[in-house]
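I opened these notes to keep a record of what I looked up, in the order in which I went through the model. Each entry takes up one element or one residue and sets down what I read off there.

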Amino acid sequence: MAAGFDVKGAKRLRATLLAFGVDVQDFKPVHERVASYVGAESAVRAPRRSGLLASTWRPGAQAANATVRFGGSGVPYANAIHWGTGARPGRRGPHNIRPSLFATRAAAETEPTWADWYFAELERMLSKVRGE
């Protein structure tokens, strides 16, 4: 299960930065920082029975995005807990799980903090650009 956000205009921003000689790979450290921060906040908000779900978070960072993932082979229910699942028959009866959206809410609630990190990084990158 991965939670994320789409930034409107991100593709155009990357293209513009490339035109000015700014490498989008430079965003990777900030993506790592954001994914780690949001992941830790998500783990705090994760529903708890045994605590196993909260302990499975891991950050992911690429040049274009930051991702937080929960679950794995030992916790296959992470997707259903986060996004919910409707009534459908299972081996142990119907699974009516309401979405908890713990990772999505954590990202939204912490946005003022991590958005400042992006703006600071963007300003740092743009300060390197020299005009004629």
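**Entry 1, terms and starting point.** Helices in these notes are DSSP runs of H or I with at least four residues, and strands are runs of E with at least two, both numbered from the N terminus. With that settled, I could place L126, which is found in helix 5. The model is a predicted one, and I read every value below as computed from it.

**Entry 2, the chain as a whole.** I counted 5 helices and 3 strands in the chain, and, read from the N terminus on, the elements run β-α-α-β-β-α-α-α. Of the 132 residues, 33% are buried. For the surface I noted an exposed area of about 8700 Å², of which carbon and sulfur atoms supply 54%. I then turned to contacts with a separation of 6 or more, and found that residues 24 or more positions apart account for 61% of them.

**Entry 3, helix 2.** I looked at helix 2 next, which covers residues 28-45 and so has 18 residues by the DSSP runs. Its first and last C-alpha atoms lie 25 Å apart, close to the 26 Å expected at 1.5 Å a residue. Which residues of helix 2 are buried? I listed V30, H31, V34, A35, V38, G39, S42 and A43. These buried residues pack against two strands, strand 2 (58-61) and strand 3 (66-69), and against two helices, helix 4 (102-109) and helix 5 (111-128).

**Entry 4, A35.** From that list I picked A35, which is found in helix 2. A35 counts as buried because its relative accessible area is 2%, and the cut-off for buried is under 20%. Leaving out residues up to four places away in sequence, I found that A35 touches W57, P59, G60, A66, T67 and V68. I also looked up the separation between A35 and W114, which are 79 residues apart along the chain, and their C-alpha atoms are separated by 9.3 Å.

**Entry 5, the helices towards the C terminus.** In helix 4 I chose A108, which is partly exposed, with a relative accessible area of 39%. A108 and V38 are 70 residues apart along the chain, while their C-alpha atoms are separated by 9.2 Å; V38 is itself among the buried residues of helix 2.

In helix 5 I looked at E121. Is E121 buried or exposed? With a relative accessible area of 14%, E121 is buried. Its contacts, not counting residues up to four places away in sequence, are D26, F27 and V30, and V30 is one of the buried residues of helix 2.

Returning to L126, I noted that this residue counts as partly exposed because its relative accessibility is 41%. The C-alpha atoms of L126 and F20 are separated by 8.6 Å, although the two residues are 106 apart along the chain.

**Entry 6, two loop residues.** V75 is found in the loop between strand 3 and helix 3, and at 4% relative accessibility V75 counts as buried. Setting aside neighbours within four places in sequence, I found V75 in contact with L52, L53 and T56. For V75 and L53 I also noted a C-alpha to C-alpha distance of 6.6 Å across 22 residues of sequence.

The other loop residue is L101, placed between helix 3 (78-83) and helix 4. I stopped at its phi, near 50°, a positive value in a residue other than glycine. At 24% relative accessibility, L101 counts as partly exposed.

**Entry 7, the second largest pocket.** Rolling a probe the size of a water molecule over the atoms shows where empty space is left. For the second largest pocket I noted about 290 Å³ of space. Which residues line the second largest pocket? The lining is made of P47, R48, R49, S50, G51, L52, L53, Y77, I81, I97 and R98. By class I sorted these into 6 nonpolar, 2 polar and 3 charged residues. Two lining residues, L52 and L53, also appear among the contacts of V75, which links this entry to the one on the loops.

Methods. Residues numbered from 1 in each chain as written. Predicted model: local features only at pLDDT ≥ 70, side-chain atom pairs only at ≥ 80, totals over all residues. Heavy atoms only, no water. Expected span 1.5 Å × (residues − 1). Buried < 20%, exposed > 50% of the residue type's maximum accessible area, 1.4 Å probe, protein only. Contact = heavy atoms within 4.5 Å. 1 Å grid on protein atoms, 1.4 Å probe; cavity = no way out; pocket = protein on both sides within 12 Å on 5 of 7 lines; lining within 4 Å. Points joined across faces, edges and corners; volume = space filled by probe spheres on them. Nonpolar A, V, L, I, M, F, W, Y, C, P; charged D, E, K, R; others polar. Areas by Shrake-Rupley, 256 points an atom, 1.4 Å probe, with all protein chains shown as cover.
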